[in-house]
Each structure stands twice: as C-alpha cells, then as structure tokens.
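Hello,

Here is the structure I promised to pass on. Please open it first, then read my notes below.

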Amino acid sequence: MSAVPSDDAPRLAAARRPIRGLPDGLVSQIAAGEVVERPASVVKELLENAIDAGATRIDVKLDGGGMRRIVVADDGCGIPHDEMPLALTRHATSKIASLADLERVATLGFRGEALASIASVARVTMTTRTRDAAHALRIAPSDAHDESTRKPAPSAGGVGTSVEVADLYHATPARRKFLKSEQTELGHCVEAFRRVAAARPDVAFTLSHNGRVVEHLNAATPLDRVMQLLGDEFAAAHRPLSWVGGDLRMSGFAGLPTASRASASAQYFYVNGRYVRDRILAHAVRAAYQDVLHGDRHPVYVLALDLDPAMVDVNVHPSKTEVRFRESRGIHQFVFRGVADALARGAEPAASPRRTDDDAASTEVGARSYGPGPSAGSAAAPARGVAQSTATYGRLFSEAGRAFAAGDPPSMAGRDRVEASPERSVELDESGLGSAIGQLHGIYILAQNARGLVLVDMHAAHERILYERLKNVLDAGPVPVQRLLIPVTLRADDREVGTVEEGGEVLASLGFDIAVLTPTTLVVRALPALLAGNDDAADIETLARNLLRDLEAFGASRVLTEHRNELLSTMACHRAVRANRRLTLDEMNALLRQMEVTERADQCNHGRPTWTQWAIGDLDRLFMRGR
Ligand code: ADP
Ligand code: MG
C-alpha cells in the first residue's frame with residue numbers, strides 16, 4: 001500500500017546507521033539521568049534495545065530477582081564488529097545523529113547511555129553477530145567497564161545479540177542495600193517485561209526466573225497477546241478500540257467495568273510505541289470511564305496512541321516514561337472521546353468478540369476509515385536488521401481494530417466513526433437482545449436471540465436507561481415536567497428545608513417543583529416527566545429525600561456541574577423498576593429494545609453488568625451435548 005507517509009519510508013528502508021558518539025551540543029540537550037535504578041531498569045533497557053534491533057524473538061532469563069543475573073537474548077540485527085566497543089561507550093548511539101533526529105525520534109532508545117550505565121554498575125558480557133559476519137564477537141566482563149581495554153574476541157553464537165548483566169551493584173554495596181527482596185525485584189522485572197510484551201504481539205517472548213519459565217508468549221494477534229497477559233476477566237469483558245482523528249490514531253483494548261481492579265496495576269498506555277505514564281492521558285481515560293466505573297475501581301486497558309513524532313517530546317525524563325505533548329488539550333479530547341465511544345457501544349456481549357468469515361470485507365471498511373496518519377500503511381514487516389520504526393505498534397493495533405470491526409456493533413455515539421455496512425447492521429439487529437420469554441424470581445428477564453439465551457438484570461438495565469435518558473433531556477434544554485395530580489407533602493427537618501430554600505433553582509432545572517409549605521413540611525408538586533408514571537406517595541417522598549440529601553452533600557452551587565451525573569444516578573436508581581414488579585412480555589420487550597439503543601446499556605451506573613449471554617454452545621457444553 002502506498003499510504004506509508006513519505007518521511008517514514010526512508011527510515012524503514014535505510015540500512016541501520018553506524019554507532020557514533022553524539023556531538024557535545026546534542027549531549028547537553030539530552031535529559032540525562034540515572035537509568036539503572038534496579039534490576040527492572042536493566043530489563044527495560046535491554047528489551048528496548050532488542051526491539052530497536054528488529055528482533056522477532058526475545059528471551060529473558062533472570063536469577064535472584066534479576067539482582068544476580070539478567071540475560072536478554074534477541075535475534076535482531078546485531079552489531080558490526082568495528083562498532084562493538086562503541087556500544088558500551090556513553091553517548092554513542094546508532095539511533096540519532098542530530099538535533100533534528102532527536103526531535104523526530106522513532107526508536108525506543110536514543111541517548112546511547114543505557115549500556116554504558118549498566119556496565120558501570122554490573123558485570124556485562126555482550127555477544128553479538130550480524131547477518132553478514134562470519135562469527136560472533138564477545139566482550140567479556142573484565143573489559144566491559146573499562147574502555148581502554150575493551151577488546152572483543154571471536155565467539156560462538158547465532159545472528160543477534162545477547163547481553164548478560166551479572167551482580168548488579170557488586171562494587172557499590174551501598175546501592176545494593178536499597179534493593180528489595182528477590183520477590184519484589186522480580187515483580188518489577190516482570191512488569192517491565194509485560195509492558196514491552198503487551199505492545200509487541202508480533203514478537204515472541206519468554207521469561208524465566210531461576211531456571212523456571214514464568215511467561216511464554218508466541219507471536220500472536222494483539223488481542224490474543226493482551227488476553228494472555230491480562231487474564232480471563234479482561235478477555236471476557238473488553239472493547240476493541242480504533243479511533244482516528246486528523247493526525248491522531250488510537251487503538252487497543254479498553255476493559256469493561258466488570259474487568260476493573262482494585263488498583264491501577266493493569267493500565268498500559270503507549271505513545272508511538274513507548275510505554276508512558278502521563279497525567280494528561282491518564283486523566284482523559286479516567287474521565288471516559290467516569291460514567292461507568294465506581295470511584296474506587298481502576299480500569300484495565302491497553303491503548304496505543306500514534307502521532308507525528310514531532311508533536312511529542314520524549315526527551316523529558318531519564319527513564320523516558322514521561323512525554324510532553326505540543327497539543328495536550330487536543331490529545332486529551334481525542335483520547336477521552338475515543339475511550340468513551342468504545343465504552344458506549346451498545347448491546348453486544350462482551351465475551352468472545354466474533355471473528356467472522358468476512359474479515360476481508362471488514363478490512364476494506366477499516367482501511368477506508370483510516371486516514372493517512374503517521375503510522376498508516378502496509379502491515380508488511382519492515383526488513384530485518386533495520387532499526388524498526390515504532391509506528392509498527394500502532395499499525396499492529398489498528399490491524400486488531402480492523403479485524404474486529406465486523407464484530408463490533410455500530411457505534412451508538414456515531415460521531416467520527418465509520419459505520420459498518422448496512423447489511424452488517426441488519427444482521428446485528430437480529431442478534432440483539434432478542435425477544436422476552438419470561439421473568440425469573442422477579443429479578444431477571446429471560447430472552448432468546450439468534451445466539452441463545454439472554455439474561456437481563458431488570459433493575460440494573462432500567463436504571464441505566466433512565467440515567468442515560470436523564471442526561472440527554474438535561475443536555476437538550478428545559479426538562480419536560482409532569483405535574484402531580486395530588487401533590488405529595490412530607491415532614492422535613494431544618495436541613496432539608498434549608499436545602500430547598502437554597503436549591504430551588506437547581507431543583508427546577510432538574511424538573512422538580514419542591515417548595516417549603518411550613519417550617520416543617522415540604523411539598524412536591526412536579527417531577528421530571530421521565531420519572532413520572534408511578535405516583536405512589538411513599539416513593540416520591542423517598543426520591544425527594546434522596547435528592548435533597550445529594551444536593552446538600554454536593555452543595556447546590558456545584559451539583560449541576562461537578563456532581564450532576566451522581567445526582568442523575570440517584571434519581572435513576574430510585575425510579576427504576578424494582579425487584580418483584582411483574583412485567584408483561586410487552587413491557588419486557590420494550591425494555592430490551594430500549595437497552596439496544598441506549599449508550600453503555602450493558603453496565604449499570606455502578607459498573608455492574610446489566611445482562612449476559614449464554615450461547616447455545618455454552619448450554620450444549622453444560623449438558624455435554626454434541627461431543
Ligand atoms: P541507545 O539505545 O540509546 O542507542 P544503548 O546504550 O542502549 O543506547 O545502546 C547503544 C547502541 O548499541 C545502540 O545504539 C545500538 O546501536 C547498539 N545496541 C545495543 N543493544 C543492541 C542489540 N540488542 N542489538 C543490536 N544493537 C544493539
Ligand atoms: Mg538503548
């Protein structure tokens with residue numbers, strides 16, 4: 001395909017550059033600093049070098065949590081014999097040669113510092129061989145730390161590079177003391193490994209510790225790789241994501257609330273292939289999850305943002321995990337909308353995204369929808385032995401987006417997304433939530449669709465529908481109001497009376513008419529039309545009290561800006577159908593149809609799922625049919 005941007009082409013095609021010392025002026029521009037904080041920093045740097053060398057398989061061996069020994073072996077391009085001593089020299093790199101290169105850096109490394117820093121605090125042995133070389137060369141530990149005596153010697157070994165780092169901090173016992181237990185250091189190493197492995201499903205990885213295999217990852221599709229790393233919960237509850245706007249492209253997988261965790265331990269964000277921890281990105285994602293996730297839960301995601309390297313400064317932080325965007329506001333908006341859109345996609349079971357036979361057709365659809373972003377273009381692997389452009393990451397993930405475009409329901413939010421073909425939508429409609437069969441224990445609705453059995457949590461689903469509708473009517477302007485035939489009076493304490501006196505305007509804008517009747521009584525005269533229908537006085541009284549309690553807690557002046565959705569959530573929860581309400585089949589079907597057209601209908605406001613699908617195959621297995 002010809003969509004490879006012209007400035008990428010030479011980078012991919014050009015032969016690897018020689019390692020050269022950086023000019024002094026450039027050295028002073030580079031955010032230098034400590035790179036060898038702990039064994040995990042070594043693992044990270046060595047893995048990044050292997051990736052930059054175009055490796056297709058990387059093996060990591062650790063002993064003693066990485067404190068005793070770390071070996072990273074790759075099948076990448078290797079280092080030419082004459083350049084080998086330079087690899088361990090500070091500020092010598094094959095990746096950039098000028099300030100202009102630094103400003104558009106496409107490799108993970110660029111400072112030429114890592115190997116030198118590691119060699120200064122540990123015993124480094126490096127074996128390397130290029131494709132053209134007759135044999136491998138080896139630099140032994142006794143030489144590695146001393147530039148003057150560094151003399152590579154011929155050695156056995158295949159094409160690629162293997163770096164062994166032994167006895168970290170052997171010469172600096174004071175630093176050694178700061179290392180934690182073997183288990184803790186191992187944990188950090190594993191995390192460093194996973195960060196690289198999640199971003200490069202096309203590369204095979206193994207990780208072993210004290211001789212035992214910890215991770216064995218074959219080259220896989222992005223989804224398979226991510227599922228292998230993040231486990232069953234994520235596999236069963238995520239949305240593939242592919243979002244394009246202008247020069248920006250984001251792809252990856254966003255975990256649904258059911259896959260959320262108690263800590264932020266599984267959040268992977270990549271910018272041009274580089275794992276980053278960035279405040280702006282984290283905030284944008286968090287905001288996108290706000291509607292569906294409880295405050296104390298943390299979403300799980302793997303997201304890759306690709307943009308013109310000139311628009312992001314990666315030379316900010318010693319460990320290169322922080323970046324600075326030139327256009328941070330636009331990036332925030334883009335990421336927020338992309339994630340929110342993925343989460344808002346309507347009713348479609350989260351489990352096992354379908355891979356259909358017409359993948360080819362969906363690829364077509366996808367291909368047309370991707371503008372010529374920085375990483376658009378052919379998925380063909382770049383020539384081996386070439387420092388690989390990190391744009392590959394984005395390409396890999398966007399392939400995933402394409403593969404699943406056919407399995408995605410059409411986006412309810414529409415916006416910038418390209419919809420699937422009309423034939424697809426028809427078929428998806430048929431496999432929606434199906435038709436109701438009955439009610440179970442007054443709590444669940446049973447329905448059947450083309451795939452099998454659908455189970456719906458009636459209250460949770462209704463609550464979500466009401467909540468989304470409330471948001472929509474409030475956004476649309478004055479809220480339609482339903483006056484009560486018989487106003488409801490309630491006894492109230494001072495605080496409740498005070499809240500009504502202060503918050504009358506807010507209440508009115510929400511569609512309520514609540515007034516102070518006497519110093520100890522309130523009267524409810526009208527409700528938002530959406531919540532009307534059940535005029536039971538006790539219900540209306542509880543609704544009013546809950547509303548006033550929220551209003552008081554949040555403060556009338558801020559409730560509609562900062563806490564609006566919490567307030568709407570209270571209202572929705574209160575008015576949603578209760579357990580044990582008998583529904584007719586028509587009412588149940590109406591609820592199913594509403595769910596199909598409601599954003600985020602598959603999670604209630606508290607992040608619990610609202611429905612689940614049991615495919616016929618699942619049921620067959622239960623009864624051991626068809627074996
Ligand atoms: P940087 O990655 O910033 O260039 P490093 O100190 O990590 O700095 O590596 C120095 C140089 O050694 C690299 O620029 C690269 O040319 C070479 N190198 C290091 N590791 C490998 C590897 N695994 N395969 C091929 N070349 C490597
Ligand atoms: Mg490096």
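Which helix and which strand each supply at least two residues of the shell around ligand 1? They are β4 (92–93) and α6 (114–121). Keep in mind that this is a predicted model.

Start with the ligand. Around ligand 1 there are 20 residues. The nearest of them are N49, T93, S94, K95 and G112. Sorted by class, the shell holds eight nonpolar, seven polar and five charged residues.

Now look at the backbone. Three residues each place a backbone N or O atom close to an oxygen atom of ligand 1. For G112 the distance is 2.7 Å. For R111 it is 2.9 Å. L115 also has such an atom at 2.9 Å. How much of ligand 1 does the protein bury? Taken alone, ligand 1 exposes 530 Å², and the protein buries 97% of that. The space that ligand 1 takes is the largest cavity.

Next, the aromatic rings. A pair of such rings is described by the distance of the centres and the angle of the planes. The count here is three aromatic pairs. One of them is F193 with F205. Their centres lie 5.6 Å apart, with 80° between the planes. That angle is over 60°, so the pair counts as edge-to-face. Where do the two rings sit in the chain? F193 belongs to helix α9 (residues 182–199), and F205 to strand β9 (residues 204–209). The two are twelve residues apart, and the pair links distant parts of the chain.

Best wishes

Definitions and conventions:
Residues are numbered from 1 along each chain as its sequence is written. Chains are lettered from A and ligands numbered from 1 in the order in which they are written. This is a predicted model: local features need pLDDT of at least 70, side-chain atom pairs count only at pLDDT 80 or more; totals for chains, interfaces and linings use all residues. Side-chain values use heavy atoms; hydrogens and water are left out. A residue is near a molecule or strand if one of its heavy atoms lies within 4 Å of it. A polar contact is a pair of N or O atoms within 3.5 Å; within protein, one must be able to donate a hydrogen and the other to accept it, and residues adjacent in sequence count only if both atoms are side-chain atoms. Accessible areas come from the Shrake-Rupley method with a 1.4 Å probe; for residues, only the protein chains shown count as cover. On a 1 Å grid over the protein atoms alone, a cavity is a set of points where a 1.4 Å probe fits but cannot get out, and a pocket is an open set with protein on both sides within 12 Å along at least five of seven lines; lining residues have an atom within 4 Å of a point. A molecule sits in a cavity or pocket if more than half of its atoms lie within 2 Å of its grid points. Helices (H or I, at least four residues) and strands (E, at least two) are DSSP runs, numbered from the N terminus. Ala, Val, Leu, Ile, Met, Phe, Trp, Tyr, Cys and Pro count as nonpolar, Asp, Glu, Lys and Arg as charged, and the others, Gly among them, as polar. Rings of Phe, Tyr and Trp (its six-membered ring) pair if their centres lie within 6.5 Å; planes under 30 degrees apart count as stacked, over 60 as edge-to-face and the rest as tilted.
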